[in-house]
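Trainee: Could we go through the cysteines and one of the strands in this model?
Mentor: Yes, one question at a time.

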Amino acid sequence: MDPNLFFSNSKLKPKTIKTYNSLYSNYLSHYTQSGKILMKDVDMMVNDITKLNISNNTILTILALIINIMEANNKSPDKLRKLQKSLLQNKKKDTIERKLIKSVLPTYDELMQYNKYLWIQNNYKSFIISYLMTTYCCRNMDVDLFFIDDKKQNNGKDNYILMRKNDCVWIRNDYKTFSRYGVKKITIFNKKFVQSCNSFIADGNTRLLQNSDDLYKKITKHTFKGISESDICKIVVSNVDLNKNEKRLHDISFSRGTSIEVLLSEYRLADRV
């Protein structure tokens with residue numbers, strides 16, 4: 001199939017063509033042979049695209065592009081249309097679920113007040129977990145960590161908080177998107193967090209969670225009203241987006257190991273504060 005048969009004859013608006021050109025260059029061009037897409041590669045191409053860490057909206061747009069190219073080359077896109085219909089149905093279902101979630105989740109301010117309460121109560125373990133979740137939108141496995149005071153204790157496999165004189169470094173060797181982003185190191189200067197870590201260690205603890213069995217159950221014992229890490233991320237991302245804080249959004253993207261596109265498409269709840 002020749003993609004140019006679509007791009008050269010399309011009656012779409014210039015902005016849409018520009019979007020399609022960008023998507024073709026980023027996601028489809030490497031499947032071409034001598035400038036053409038072989039029909040035998042379409043299934044592999046679609047399978048690869050649906051597994052990418054990109055939003056459903058982007059996947060749907062790429063599918064629309066492939067369908068347009070196929071039709072311009074007089075090839076039947078019926079199989080892809082079924083997949084497109086399925087994804088659209090999932091998107092509609094997700095929108096309904098988001099509206100329900102939005103109505104029951106706490107606000108960002110409530111999460112911040114909860115952190116203050118934990119600090120006042122000297123509840124160091126809960127404060128450490130809640131602070132990491134609400135500040136960095138991390139996942140459950142990210143807070144399964146050990147406390148160390150020498151970087152040589154880092155075995156390259158586990159997660160750590162390296163304690164230093166005036167700050168600490170959160171080192172993650174084990175998190176969901178490690179294969180894509182590699183080791184993540186974040187220096188934390190917050191005095192309350194550093195003090196909480198020191199006090200937790202002074203109580204004889206070297207690991208934040210005693211073991212990694214059923215992390216969800218262990219962690220939600222310490223979060224506000226037992227909400228999940230995913231819901232915390234939705235509240236935080238929605239607040240950041242509402243306040244147009246682009247730097248904070250980039251920081252969350254880095255700390256979570258998730259693209260901004262996915263954060264906004266999968267975690268943003270409209271009209272949340």
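The questions below deal with the cysteines and then with strand pairing.

Trainee: How many disulfides does the structure hold?
Mentor: This is a predicted model. A disulfide needs two cysteine sulfur atoms within 2.5 Å. For Cys137, the nearest cysteine sulfur is that of Cys233, 3.5 Å away, and Cys137 is in no disulfide. The number of disulfides in the structure is zero.

Trainee: Which cysteine has the sulfur closest to that of Cys168, and why is there no bond?
Mentor: A disulfide would need the sulfur atoms within 2.5 Å. The closest cysteine sulfur lies 4.9 Å from that of Cys168, so the separation is too far for a bond. The cysteine in question is Cys197.

Trainee: Is Cys137 buried or exposed?
Mentor: Buried means under 20% relative accessible area. Cys137 has a relative accessibility of 1%, so Cys137 counts as buried.

Trainee: How many of the five residues of strand E2 are buried?
Mentor: In a regular strand, side chains alternate between the two faces of the sheet. From E2, Asn159, Ile161 and Met163 point one way, while Tyr160 and Leu162 point the other way, and all are buried. Strand E2, residues 159-163, is therefore largely enclosed by the rest of the structure, and its buried count is five of five.

Trainee: Which residue in E3 stands opposite Tyr160?
Mentor: E2 and strand E3 (residues 168-172) run antiparallel and are joined by four bridges. They form a hairpin with four residues between them. Opposite Tyr160, in E3, stands Ile171.

Trainee: What is the bridge partner of Leu145 in E2?
Mentor: Strand E1 (residues 145-148) runs parallel to E2, with four bridges joining them. In E2, the partner of Leu145 is Asn159.

Technical notes. Residues numbered from 1 in each chain as written. Predicted model: local features only at pLDDT ≥ 70, side-chain atom pairs only at ≥ 80, totals over all residues. Heavy atoms only, no water. Buried < 20%, exposed > 50% of the residue type's maximum accessible area, 1.4 Å probe, protein only. Helix = DSSP H or I, 4+ residues; strand = E, 2+ residues; numbered from the N terminus. Pairing = 2+ DSSP bridges.
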